[in-house]
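The following exercises concern a single protein chain. Please inspect the sequence and the structure before reading the solutions.

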Amino acid sequence: WEALVDPVLVEGWLHPSARLVEGTTPVEFREPDDPAAPAVLEVVSPAFGAVRVVLDRIPEGTRGEGTHVVLTVSDEWGRRSDREALWALRLEQLADLVRGHPVDWAGWPALHHREGEAARSEAAHRAAR
């Protein structure tokens, strides 16, 4: 949860200049009182479109429990395959962050040239808001 909403942690997986919850409207958080219920974050972001993240605890993982993440992102700008590839990479980066390995953004362009090109292409095709 904190990796989705804390700006410092978001820098470790999404991008230092990107935020899911800052500068977006509307934002809806549902962090339940019951630990068995899923936590939900829903935002409409100028950078990412409509994003819905559901975090559900599962009885697995190295510490006895894990988190099942369901991500739903709008496809209002088209280019679905590019968006899927970018979010798959972002989720891998999120998984690395929660294991203590934030993204090395200085080395990222060399390692992910294709994804960087897709991100620039995606940004160029976004409708003006």
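The exercises below treat the sheet, the core, two buried residues and the pocket of this predicted model.

**Exercise 1.** Determine the strand order of the sheet and identify which strands stand at its edges.

*Solution.*
Step 1. The sheet is open and consists of 4 strands in the order β1-β2-β3-β4, paired in the antiparallel sense.
Step 2. β1 (27-30) and β4 (66-73) each have a single partner strand, so one side of each lacks a neighbour in the sheet; these two strands are the edges.
Step 3. From one strand to the next, the twist averages 10 degrees.

**Exercise 2.** Describe the pairing of β2 with β1 and with β3, giving bridge partners.

*Solution.*
Step 1. On one side, β1 and β2 are antiparallel and share 4 bridges. Phe29 has Leu41 of β2 as its bridge partner.
Step 2. On the other side, 7 bridges connect β2 (residues 39-45) to β3 (residues 49-58), again in the antiparallel sense. Ala39 is partnered by Leu55 in β3, and Val43 is partnered by Val51 in β3.
Step 3. The connection from β2 to β3 is a hairpin of 3 residues.
Step 4. Of the 7 residues of β2, 5 are buried, so this strand is largely enclosed by the rest of the structure.

**Exercise 3.** State which strands helix α3 touches and how the helix is directed relative to β4.

*Solution.*
Step 1. Helix α3 (residues 80-98) packs on the sheet, where β3 and β4 are the strands in contact with it.
Step 2. The direction of α3 makes about 155 degrees with that of β4.

**Exercise 4.** Identify the residues that touch the most other members of the largest nonpolar core, and follow the contacts of Leu14.

*Solution.*
Step 1. The core holds 19 residues, and Leu4, Trp13, Leu14 and Leu20 touch the most other members.
Step 2. Two or more core residues come from each of α1 (2-5), β2, β3 and α3.
Step 3. Beyond four places in sequence, Leu14 touches Arg19, Leu20, Phe48, Trp87, Arg90, Gln93 and Trp105.

**Exercise 5.** Are Gln93 and Ser74 buried or exposed? Locate both residues and list their contacts.

*Solution.*
Step 1. Gln93 belongs to helix α3. The relative accessibility of Gln93 is 6%, which lies under the 20% limit, so this residue is buried.
Step 2. Apart from neighbours within four places in sequence, Gln93 is in contact with Gly12, Trp13, Leu14, Val103, Trp105 and Trp108.
Step 3. Ser74 is located in the loop between β4 and α3. With a relative accessible area of 18%, Ser74 also falls under the 20% limit and is therefore buried.
Step 4. Not counting residues up to four places away in sequence, Ser74 touches Phe48, Gly49, Ala50 and Arg83.

**Exercise 6.** Characterise the largest pocket by its volume and its lining.

*Solution.*
Step 1. The largest pocket contains about 1,000 Å³ of space.
Step 2. Its lining comprises 28 residues, of which Trp1, Glu65, Gly66, Thr67 and Val98 lie nearest the centre of the pocket.
Step 3. The elements that contribute two or more residues to this lining are α1, β3, β4 and α3.

Notes:
Residues numbered from 1 in each chain as written. Predicted model: local features only at pLDDT ≥ 70, side-chain atom pairs only at ≥ 80, totals over all residues. Heavy atoms only, no water. Pairing = 2+ DSSP bridges. Axes fitted to C-alpha atoms, helices over the stretch in contact; angles between N-to-C directions. Contact = heavy atoms within 4.5 Å. Core = buried A, V, L, I, M, F, W, Y, C linked by side-chain atoms within 4.5 Å. Buried < 20%, exposed > 50% of the residue type's maximum accessible area, 1.4 Å probe, protein only. 1 Å grid on protein atoms, 1.4 Å probe; cavity = no way out; pocket = protein on both sides within 12 Å on 5 of 7 lines; lining within 4 Å. Points joined across faces, edges and corners; volume = space filled by probe spheres on them.
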